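This report goes through selected local features of one protein chain. The topics are salt bridges, the packing of two helices, backbone geometry and the surroundings of single residues.

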Amino acid sequence: MIYQRSSALFAEAKKYIPGGVNSPVRAFKAVGGDPIFVKEAKGAYLYDADGNRLIDYIASWGPMILGHAHEPVVNAVVEKAKKGTSFGMPTEIETQLAELAVSMVPNIDQIRFVNSGTEACMSAVRLARGYTGKDKIIKFAGCYHGHSDSFLIQAGSGAVTFGSPNSPGVTQGTAKDTLLADYNDLEGVRALVEANKAEIAAIIIEPIAGNMGCIIPKEAFMKGLRTLCTEENILLIFDEVMTGFRLGKGGAQEALNIPADIVTFGKVIGGGLPVGAFAARKDIMGHLAPEGPVYQAGTLSGNPLAMSAGLAMLTELNEQPEIFESLARKTAYLHEGLDGVLRKKGIPYQINRYGSMISVHFTDQAVVDFTSSASGNNDTFKRYFHGMLEKGIYLPPSAFESYFLNNALSYADLDETIDALDGLALG
């Protein structure tokens, strides 16, 4: 494939935008080469600036669960835009989306909308600290909760890709209140809690991780976290920015049958527009201003266009829950096909999958945490990524990212993807 126009656009972008991108993983630093500039998208396909058609496996990093330019979502946004794009005042549609979200997700009574997953997680931690009167939090190496200072302590995803997990600009004072544990290591968490008795406000976790590839929690680990938090008066925060409304109507809480105290959302809840949210029981949410002392605000929070997109998206998912099963079956089919091809190639690999999330790791050890995820052969991954791209398959441009399938993908698309891998030389 030819990417001359994308390369020219990237060169121009670098003159005016740091690194030429507005989110680091887009820059292809982990895989080399110039990023692809998208012109438009429809259904399961991206169409780039050079006119190439690509089968899409990132779905805008999750929100396009029904496919790109999904007609009910587009129509809702267009009709709402005709009536005004922002008011800085309450609108009825905010309540409509809130009511629907609360009805779909277990263990929440109220929800507040913000503008991104980062903002949702940042606000959830502030709320947890205000509610408990404690300062410290525990996060897990390899989990990414946005770029708020509290979370850029050995973060996953983009921060790891660039080899600087402890980002400059994060103060030592902030860092000392963020304690690090290893994913799937319950004893390590217990040791941190014991060493910081009565000081920990919250444990925040991706219940199914997506920022070190797709990592599935051990059942005893998640149950143990829930028990430990209850015993020690620690709030358990599920970062469901990726998993919320993707694994099922009730997200990871429902899928894992583990209740969280605070849940954060993004991606799917906005239907492709910039929306985040955090939710909890009424007694916790009651600590937020204007009812309580914990301050959080945003001029564009609850933006009518974003609310319209989210309402259209969640309405369809709520009325057609079979979509989640359809996606899971397609992901299992892709898993089986990739597994068969890679087994024939005789190279070390692991495939992790949960629902409509999946990742391929070129390593001979089980991938259960950040350390094992980082053990993958990145040279093999680069050949894999660029080889698939040349065959019209767009995968995440980082070994530390999950794929997100969308329901517009056909089995013919999946077969084309499997056949593309079959024709690659990865050794």
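Arg226, Asp261, Arg281 and Asp283 are linked in a network of salt bridges. The model is a predicted one, and 14 salt bridges are found in the structure.

**Salt bridges around Asp261**

Within this network, Asp261 forms a salt bridge with Arg226, and their closest N and O atoms are 3.1 Å apart. The pair joins distant parts of the chain, 35 residues apart: Asp261 is in the loop between α9 (251–256) and β9 (262–265), while Arg226 is in helix α8 (residues 219–231). Asp261 and Arg226 are both buried.

Asp261 also meets the side chain of Arg281 in a salt bridge, at 3.3 Å from N to O. This pair too links distant parts of the chain, 20 residues apart, with Arg281 in the loop between β10 (276–280) and α10 (282–285) and Asp261 in the loop between α9 and β9. Asp261 has a relative accessible area of 8% and is therefore buried. Arg281 has a relative accessible area of 30%, so this residue is partly exposed.

**Packing of α12 and α15**

Two packed helices are described by the angle between their axes and the distance between the axes. For helix α12 (residues 322–345) and helix α15 (residues 411–422), the angle is about 15° and the axes are 9 Å apart. That angle makes α12 roughly parallel to α15, because angles under 35 degrees count as roughly parallel. The crossing of the two helices, α12 and α15, is right-handed.

On the α12 side, the contact is made by Arg329, Lys330, Tyr333, Leu334, Gly337, Leu338, Val341, Leu342, Lys344 and Lys345. On the α15 side, the residues met are Tyr411, Leu414, Asp415, Thr417, Ile418, Leu421 and Asp422. Sorted by class, the contact of α12 with α15 has nine nonpolar, two polar and six charged residues.

Which residue does the side chain of Asp422 meet in a salt bridge? The partner is Lys344, with 3.4 Å from N to O. Asp422 lies in helix α15 and Lys344 in helix α12, so this salt bridge ties together parts that are 78 residues apart in sequence. Asp422 has a relative accessible area of 37% and is therefore partly exposed. Lys344 has a relative accessibility of 61%, so this residue counts as exposed.

The three salt bridges described above are set side by side here.

| Salt bridge | N to O distance |
|---|---|
| Asp261 and Arg226 | 3.1 Å |
| Arg281 and Asp261 | 3.3 Å |
| Asp422 and Lys344 | 3.4 Å |

Lys344 can also be placed relative to another part of the chain. The C-alpha atoms of Lys344 and Tyr295 are separated by 56 Å, and these residues are 49 residues apart along the chain.

**Backbone geometry**

Ala289 and Pro290 are joined by a cis peptide bond, with omega at about 10°. Pro290 lies in the loop between α10 and α11 (304–319).

Positive phi values are found at two residues described here. Phe28, a residue other than glycine, has a phi near 65°. Its place is in the loop between α1 (4–16) and β1 (38–42). Phe28 has a relative accessibility of 1%, so this residue counts as buried.

Asn107 is not a glycine either, yet has a positive phi of about 70°. Asn107 is located in the loop between α3 (92–104) and β4 (110–114). Is Asn107 buried or partly exposed? With a relative accessible area of 37%, Asn107 is partly exposed.

**Surroundings of Thr264**

Thr264 belongs to strand β9. The relative accessible area of Thr264 is 0%, so this residue is buried. Neighbours within four places in sequence are left aside in what follows. Thr264 is in contact with Ala120, Cys121 and Ala124, and with Ile237, Phe238, Asp239, Glu240 and Val241. Ala277 and Phe278 are also in contact with Thr264.

Methods:
Residues are numbered from 1 along each chain as its sequence is written. This is a predicted model: local features need pLDDT of at least 70, side-chain atom pairs count only at pLDDT 80 or more; totals for chains, interfaces and linings use all residues. Side-chain values use heavy atoms; hydrogens and water are left out. Axes are lines fitted to C-alpha atoms, for helices over the stretch in contact, and angles run from 0 to 180 degrees between N-to-C directions. Helices (H or I, at least four residues) and strands (E, at least two) are DSSP runs, numbered from the N terminus. Angles under 35 degrees count as roughly parallel, over 145 as roughly antiparallel, 65 to 115 as roughly perpendicular and the rest as oblique. A crossing is left-handed if the near helix is turned anticlockwise from the far one by less than a right angle, and right-handed if clockwise. Contact means heavy atoms within 4.5 Å. Ala, Val, Leu, Ile, Met, Phe, Trp, Tyr, Cys and Pro count as nonpolar, Asp, Glu, Lys and Arg as charged, and the others, Gly among them, as polar. A salt bridge is a side-chain nitrogen of Lys or Arg within 4 Å of a carboxyl oxygen of Asp or Glu. Buried means under 20% relative accessible area, exposed over 50%, partly exposed in between (1.4 Å probe, protein chains only).
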